[in-house]
Amino acid sequence: MVDGTGMCGGCRVKIGEVVKFACVDGPDFDGHLVDFDDLMFRLQRYKATEREAAAKFDENCRMRSIRTQREGQRDHGDRQRASQEEKKPSA
Ligand code: FES
């Protein structure tokens with residue numbers, strides 16, 4: 001679902017011979033009447049574009065580098081704590 005108002009058509013599904021929108025007419029439909037062939041075809045239509053967008057997102061997403069940086073800092077902190085534990089005199 002994109003907008004949830006029946007305007008974008010992202011959730012359009014054929015129920016028998018009638019076109020419905022899951023966001024405003026559903027989400028429950030008689031599964032025997034759903035045109036799954038049409039639905040699956042529609043869901044595949046933008047797969048290549050979605051794959052390209054996901055790849056670009058992966059390339060440009062700064063969250064990955066921030067997470068890596070934070071994990072590095074945490075690892076550094078863990079090593080420091082372990083080192084301090086080793087230096088503590090045993091009781
Ligand atoms: S979510 Fe856009 S039409 Fe249903």
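Three exercises with worked solutions on a predicted model follow.

In this predicted model, local features need pLDDT (the predictor's confidence in each residue, from 0 to 100) of at least 70, side-chain atom pairs count only at pLDDT 80 or more, and totals for chains, interfaces and linings use all residues. Residues are numbered from 1 along each chain as its sequence is written.

**Exercise 1.** Determine how the radius of gyration of the protein chain stands against the globule rule.

*Solution.* The protein chain holds four helices and two strands (DSSP runs, H or I of at least four residues and E of at least two, numbered from the N terminus). The radius of gyration, taken over C-alpha atoms, is 25 Å, whereas the globule rule (2.2 Å times the number of residues to the power 0.38) gives 12 Å for 91 residues, so the chain is more spread out than a compact globule.

**Exercise 2.** Compare the expected span of α4 with the distance between its end C-alpha atoms.

*Solution.* Helix α4 covers residues 62-87. The expected span is 1.5 Å times one less than the number of residues. For the 26 residues of α4 this gives 38 Å, and the end C-alpha atoms are 38 Å apart, which agrees.

**Exercise 3.** State whether glycine 4 is buried, exposed or partly exposed.

*Solution.* A residue is buried if 20 or more other C-beta atoms (placed from the backbone) lie within 10 Å of its own, exposed if 12 or fewer, and partly exposed in between. Glycine 4 has 13 within 10 Å and is therefore partly exposed. Its C-alpha atom is separated by 7.1 Å from that of valine 24.
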